[in-house]
2 protein chains.
Amino acid sequence: MSENVGRWLRDEIENSILSNEFSPGERLDETVLATRFGVSRTPVREALMQLDAIGLIEIRPRRGAIVIDPGPHRVYEMFEVMAELEGLAGSLAARRLDKASREAITATHSRCEQSAAAGDSDAYYYDNEEFHKAIYAAGRSEFLEEQCLQLHRRLRPYRRLQLRVRNRLSTSFSEHCAIVDAIFAGDGDEARRLLRAHVGIQGERFSDLVASMAAR
Amino acid sequence: MSENVGRWLRDEIENSILSNEFSPGERLDETVLATRFGVSRTPVREALMQLDAIGLIEIRPRRGAIVIDPGPHRVYEMFEVMAELEGLAGSLAARRLDKASREAITATHSRCEQSAAAGDSDAYYYDNEEFHKAIYAAGRSEFLEEQCLQLHRRLRPYRRLQLRVRNRLSTSFSEHCAIVDAIFAGDGDEARRLLRAHVGIQGERFSDLVASMAAR
DNA sequence: GTCAATGATCGTGTATACAAGAATTGCGTT
DNA sequence: AACGCAATTCTTGTATACACGATCATTGAC
């Protein structure tokens, strides 16, 4: 419980939103949250203000906080930006790769291979996350890494949905292979191009996304 | 005063930080701020929490808030990301340009031309900002536009410093011309490339930045 | 003389009280 | 029966009070 109730609440509520426990559009009542978590309204408000600043909820003056519903189009836009940032991270990684980062990428990559081979989409979901994080870190840009991690968190639920799509696991992994090759070869432009394509939602993948969002 | 003291304070303190009224590293005392703005500590705290979430200040538990000092290297990283986002906005703008956006870009572009010709770096600073915002808007991606605007705000002070460098005005404007041409020609890749180069801090421009940051 | 420990003081973290605005419900009128 | 107005209630916004932790200074010991 992190020494600070406000911080803790922020993470707690954030997780609840991202795990869809609080649905988009739902109103977050300060008093309800306060009693639910056994604290007063003050830290709850502070948590809500932070979530508002991050963009997860919207606080309408005198009218309470509601969970923001991104909607398919906005989620698409977010993936578009994510693709761009990951592309940059990949190109930096290709240029700046050092031993430690190389090993981290190799390790997470082979874990992805195992889960993909086993067809375990939940395990792959987790390993895939670690793989991408290893690339963020390899870029050696703290700011970029933070931005990537933040956006990654917000898109996490949708990434998970995407993996459920048929054949996505093996497709995803073979894309990973090409990305790793490009980064290890020091080919920044290629790594950027491949990561953009890997993360972005082109063509039928958008309708897949819409379908899986509607399915919830 | 925006109907909401917390919001108002957030903007007020944010501006004070960005305009360097509160120096990096400086400690922000809640009580002092409260009396200074004639309010109680509660809205001050809420404002600070938001600024912390945005990344402008850091709140260390039980030890108060301090203004974050990005340092040259981190500022460089931020420009790197900004360049990438603006590149994306430019490429989208080239593909999706409509009449209204085209007119907005033309209008702000010609205003830049005038201030550049007049050698008025303060006017150019403002017009340049509007020009870039017109491109963000032309990309037709709300999320991307928000991200660009947010990062732009944080980098605003440094952009201003950069314009003070000798010849930067005319160089900047001629780069604008090429960017406008690419966007109007519908050449997304070229617009992206030019914007990345325009916004990013390559070569000697990094030392210019460091010098101007040190000069404050 | 310097370093450490202990107490005082100051500032943050949380709770609660109070005020003001928005929503809802009930009553009256058409 | 439906619409509108008013009053009540519920929720948010702000202030204040209190408690706990951190920092700093002072004093004592080595």
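A polar contact is a pair of N or O atoms within 3.5 Å; within protein, one atom must be able to donate a hydrogen and the other to accept it, and residues adjacent in sequence count only if both atoms are side-chain atoms. The model is predicted: local features need pLDDT of at least 70, side-chain atom pairs count only at pLDDT 80 or more, and totals for chains, interfaces and linings use all residues. Residues are numbered from 1 along each chain as its sequence is written, chains are lettered from A and ligands numbered from 1 in the order in which they are written, and side-chain values use heavy atoms, without hydrogens and water.

**Exercise 1.** Describe the polar links between domain 1 and domain 2 of chain A.

*Solution.*
- Step 1: Set the bounds, which come from an automatic or database domain assignment: domain 1 is 5–67 and domain 2 is 71–215.
- Step 2: Across this interface, 3 residue pairs are in polar contact, both residues at pLDDT 80 or more.
- Step 3: The domains share 1 salt bridge (a side-chain nitrogen of Lys or Arg within 4 Å of a carboxyl oxygen of Asp or Glu).
- Step 4: Glu14(A) forms a salt bridge with Arg153(A), with 2.7 Å between the closest N and O atoms.

**Exercise 2.** Which parts of DNA strand C do Val5(A), Arg27(B) and Arg41(B) approach?

*Solution.*
- Step 1: A polar backbone atom of Val5(A) is 2.7 Å from a phosphate oxygen.
- Step 2: For Arg27(B), a polar side-chain atom lies 3.3 Å from a sugar or linking oxygen.
- Step 3: The side chain of Arg41(B) has an N or O atom 3.0 Å from a base nitrogen.
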